[in-house]
Amino acid sequence: MDRGIIRKSDIPKLAGRGRFYAPGRSLGDGSCELVENPAEIVYDFSNVRVPLKQLFLPQTEVLCTYDFDQVTEVSIPAEPIPILVFGCRPCDARALSQLDAVFGPENKGYADPYFLKRRESSVVISLACNSPCPTCFCTAMGGGPAGTEGADLLARELAPLASDGALLLEALSDKGRDFLKSHGSLLTEAGPEVLEEAKKSSAAAEAAVRKANDLGVDLGADLSALKKHMDPLFDDERWEELTASCVGCGSCTYLCPTCHCFDIADESRLYKGQRIRTWDSCQFPLFTKHASGHNPRKTKRERLRQRFMHKFSYAVENTGAALCVGCGRCITGCPVNLDIRDVIRSFVKETTREIAS
Amino acid sequence: MSETVAKTIHAEELSTVEGGEWHPIIVAFLCNWCSYAGADLAGVSRLQYGPNVRIVRVPCSARINPQFIMKALQNGVDGVLVSGCHPGDCHYISGNLVARRKFALTKKFLEFVGVEPERVQFSWVSASEGRRFSDLMNRVIADVRRVGPAKRLKKEVS
Amino acid sequence: MDPRTSEIRKIAQSLFAEGKIDLFLGFQQGTLPLRARPCFIRAREGAGAVDRLIWDSFCANNLAAYLPKYYENQPARPKKRDKPYPRIGIAAKACDLRSIVALTKERQVRRESLVVVGVPCRGMIDTRKVEAAVAAQEILHHEESEGGTLELTTCGAGTHSLPREQVLQDCCLECRYPVPEGADILVPGEARKPGDGGYGRIREFESKTLEQRWEHFRVELSRCIRCNACRQACPTCWCKECFAEQTNLKWIGAGTDPSDKMFFQIIRIFHQAGRCVECDACYRACPMGIDLRLYTKKIVKDVEEVFGFLPVFDAEELPPLATFGEKDGDFFITDPDKEKG
C-alpha cells in the first residue's frame, strides 16, 4: 500500500509497543520539541528545537560498561527500543540520510552498529512544511519542504488545516509500505485529486523557499557547486572576516541535524565504569588539541573554516553527500548571528567577494 | 589525586547499609596545623565521635576549592565538613581569612540551589580543641542523619 | 535611526583618521529580524567602512568577550611578545565597560590600548519576550518607532506594536548603572533611569522551600545540552582551559549526566563571583533558554550583601575573593559550642 488518509486524532494509535515521539511543547519554556507521548501534538511550528539526530545519535550514549574483575562488554545497550517518530520536518529526515552515509557501511566499510540499529528499529514519518520560515534554505541544499529522503513516510496536512483534520500519508520506503499495510484499519483511501492538491501546496511552499533564500547555488543540481569554489580559497583572507565574531560556543554544532562529531570517554568509579560517547564540536578548541599541547586549529578562523569545509567539501568527497539540509537552526541559534548564508554566498562566485555588510 | 584519597571519597564503595540501617559518610577537609591536630587530640584523648568521618588533610583551609566539595557530593558522600584555624590564627597568616569569603559564598549558593544546608558545613577548630572537634563531628553526623542519604548531586555511574 | 548611530560612526571615523586605533568593535545590522550583530572594522578598510556601524535596541551582545584574545601572550610571557598590542576602539554599554574593568583587573586586557566609546544605554530588547508577545508567529520585519514602540510584521500579514518597555531585557529593567562611567569618549544621548537591581526576585526565591528551589534547578538544568555557549559568550569566562575540560584531574564528564550539568553550572556561576556584570550574555546565548539569570543574580547579590562589593567602574578596587575583610562575618560557621538556632 502506497498511501492513505489518516485522521490527526488517530496518529498516536500508530505507536504500537515501542516509543512514540512527536512535536509537543517543552516543559521549561514552552518551545516546540520532539517529546515522548506529547499530551497534544503540535502542528503549527516551524521546526523542533533539538533536531531528530538526538534520537539516533544521543548526546550521551553508553557504548559499553566494564568491571575490572571481568571485562564485560555490553552489546549495543540491549536491542534499542523500537521508536516511531512522527512530525519531524523533511529537512531533519534528510539529515538522517546524510548521517546514514557517514555511519553506514558504504563509508569505507565501517558501520556504526549503535546508530544503524536505532535506524533499523525505527519508523520515521516526516511532516511536510506548509509555510517555511525566513531562515529555511532547504532548496539550495537539494532538499525541499516536501522532501522524501531519509524518512519512511511523508505526511502532509490536508485542507482545511484544523486540529481535527486529516493527513495524507505516503510511503517512501519498503518499511513505509509495510507500515501502512499493518495500520490499514486507520487509513482511508486517497484518491488522485487529494494527491494533486497536496502536490500543489508543496510546490507553492517550495517556490516560497526558493524565493526567500536564493543563495545562488543548488546542491541538488550540482553537489560540488560549493566545493569547487571553496577548495582553492582555503587560505583566503575572507575567512578572517567571516569568522571574527564567532565566540566558539558550539551551539551551531549541537543544533545542527547533520553534525555528528563525537568524543568517547571512560567514566569510572574505582573499578567499574562506562565508556560513553558524547557530542563534540569542532568549534571547541579542545577538539584538535594534541597531547603535546600543539593545536593544529589554534584560532577560531581555522575552526570555523573547518566547519564549512567539512560540510561542503570534505563530506562531498568522503561520503558523496553534503552535510547541510538548510534548516536554519545555526542561524537562529547563533548568539552573534553568524550566518551560514553569508558564507555560502561569499563562495558562490569565485572571484567576487560578497561578504554581508 | 592519590588512590587513597580517591578511595576515601568514593563513598559508594564504603557507604554501608548494614542490617538495613543507613550509615552516613562524611568527608572532613581539615587544615593540617589546627583542625587536623585538633582531631588528633580528640583521638588521643579518647573522645568519642561517630565512625562516619573520612578525614582529608590539607595544608590550609585556603586550599579548599568549592570543586572539592562538589566532587565529594557527586561521589555520593552524605556530608562535607571543612575546618580550619580560627581567623587570626592561620599558620599562613591570612589563608583562612581569604577562604572565609569563599566558604560564605559557597554555603549560601549551594543552599540557594537546593542542596540541604546540613550537608555542607564549615567550622574553625584549633589544635588544642579536641573536645570541640568531637562535638563538632557529632553535631555534623546528627545533622546529616536528619536529612538522610544524599541523592541530589550524586552521579550515578553503573 | 537612532542618533547614536551617526555619532558612533563619526567617532570611529575620526579615531581611524587620527591613526589612534587598528580595529573598531561595534554592531552592524543582523541578518534576522530583531538582531544586530558584532561588527569588526579594520583600519585598512578605509573610509566608508564605518557606515556599517549601527546602534539600536538590539545591540545586546557583550563585546568585551572578544578582547582577551587580542591581548593574550603566547607563551604567557609579555616580554617575549613579538607583535605590538593592537589598539582597539570599542562601542561599549555600561555593562560592557564593567566587564572591561573586570578584565583589566585580571590583566586580560590592556586598558591603555583600548579606546572605550561609551554609549549611555536605554536598554536592549529581549527577542524572547518579543517572540512570546506575538505567540511565536514568525516575525518578518521589525522597526523601532520614534515614539518608543517596536513595530512588527509577522507571517500572514499580521502587524503588532509593542511598547519598548514591555519587551526590554530583564537585566536592563533592573540595571543600576546605565551610563558607562570612565569611558574615554562618551557618546551624547540619554540613558534610561537606573533600576533597582532586581534582588526582589532572588529574595522571593530564597523564601521558597528547599524542595521547591531544588526542583526548579533540576528542571531548568535538565534541558542543558553542554554546548558551552554560556561560557563562551561570557566576557569573564576567559580561562584557556576550563575546569570542565580538565582531564588531569577530571572533575566532570562531557555528557549530559544531570549531576555533571549541575556541577558545571554551579561552579561556572560561582567563578563569576565578584566579576559578573549581569549583561545576561549567558542567558541570551543558551539555545535551550535555561533560567541562568536567577543564579547569576544570586551570586551578585551575595557578593554585594556579604562583602559590600559590586563590580562597577573602578579598576583599582581589589576583587573581593582576592582579599579579605577584618570584619567578615562567621554567620555560616557551625559552632558546636553554641546552641543551634
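This section describes a predicted model, taking in turn chain B, the nonpolar core, chain C and the contact between chains A and C.

Chain B contains six helices and six strands, which succeed one another along the sequence in the pattern α-α-β-β-β-α-β-α-β-α-β-α. Of the 158 residues of this chain, 56% count as buried. When contacts in chain B between residues at least 6 apart in sequence are considered, 81% of them join residues at least 24 apart.

Phe29(B), which is found in strand 3 (residues 26-31) of chain B, illustrates the interior of this chain. Because 23 C-beta neighbours lie inside 10 Å, Phe29(B) counts as buried, the cut-off for this class being 20 or more. With neighbours within four places in sequence left aside, Phe29(B) is in contact with Val56(B), Val58(B), Ile64(B), Phe68(B) and Val82(B). Phe29(B) and Arg63(B), although separated by 34 residues in sequence, are 9.6 Å apart in space from C-alpha to C-alpha.

Arg46(B) is placed in the loop between helix 3 (35-44) and strand 4 (53-58) of chain B. Arg46(B) has 8 C-beta neighbours inside 10 Å and therefore counts as exposed, a class that requires 12 or fewer. The phi of Arg46(B) is near 55°, a positive value in a residue other than glycine. A comparable description applies to a loop residue of chain C: Leu249(C) lies between helix 8 (229-233) and helix 9 of chain C, and its phi, near 75°, is likewise positive in a residue other than glycine. Leu249(C) counts as exposed because it has 9 C-beta neighbours inside 10 Å. As background to both cases, most residues other than glycine have a negative phi.

The largest nonpolar core of the model has 234 residues, and those with the most contacts inside it are Val85(A), Ala92(C), Ile100(C), Val117(C) and Ala233(C). The element that gives the most to this core is helix 5 of chain B, with nine residues, and the core also draws at least three residues from each of domain 1 (3-126 + 168-322) and domain 2 (127-167) of chain C. In soluble globular proteins, nonpolar side chains tend to be buried together. The surroundings of one core residue can be given in detail: residues up to four places away in sequence not being counted, Val117(C) touches Ile8(C), Ile11(C), Gly89(C), Ile90(C), Ala91(C), Ala92(C), Ala183(C), Ile185(C) and Val187(C).

The two domains assigned to chain C are domain 1 (3-126 + 168-322) and domain 2 (127-167), and their C-alpha centres lie 26 Å apart. Between them, eight residues of domain 1 of chain C are in contact with 13 residues of domain 2 of chain C; on the domain 1 side, the residues that touch domain 2 divide into four nonpolar, two polar and two charged.

Helix 7 of chain C comprises 13 residues (residues 210-222), which at 1.5 Å a residue should span 18 Å, and the distance of 18 Å between its end C-alpha atoms agrees with this expectation. The buried residues of helix 7 of chain C are Phe217(C), Glu220(C) and Leu221(C); because they cover an arc of only 95° around the axis, these residues are placed on the same side of the helix. Glu211(C) and Gln212(C), on the other side of helix 7 of chain C, are exposed. The buried residues of this helix pack against helix 5 (95-113) of chain B together with helix 9 (258-270) of chain C.

The contact between chains A and C takes 38 residues from chain A and 33 residues from chain C. On the side of chain A that touches chain C, the elements giving two or more residues are helix 8 (251-255), strand 9 (262-269), strand 10 (272-279), helix 10 (329-333) and helix 11 (340-348) of chain A. The residues on this side divide into 16 nonpolar, 16 polar and six charged.

Helix 11 of chain A, one of the elements contributing to this contact, has as its buried residues Ile340(A), Val343(A), Ile344(A), Ser346(A) and Phe347(A). Seen down the axis, the buried residues of helix 11 of chain A fall within an arc of 165°, and they therefore line one face of the helix. These buried residues pack against helix 6 (227-230), helix 7 (238-243), helix 9 (300-319) and helix 10 of chain A.

How values were computed: Residues numbered from 1 in each chain as written. Chains lettered and ligands numbered in written order. Predicted model: local features only at pLDDT ≥ 70, side-chain atom pairs only at ≥ 80, totals over all residues. Contact = placed C-beta atoms within 7 Å. Helix = DSSP H or I, 4+ residues; strand = E, 2+ residues; numbered from the N terminus. Nonpolar A, V, L, I, M, F, W, Y, C, P; charged D, E, K, R; others polar. Expected span 1.5 Å × (residues − 1). Arc of directions from axis to C-beta. Core = buried A, V, L, I, M, F, W, Y, C linked by C-beta atoms within 7 Å. Domains from an automatic or database assignment.
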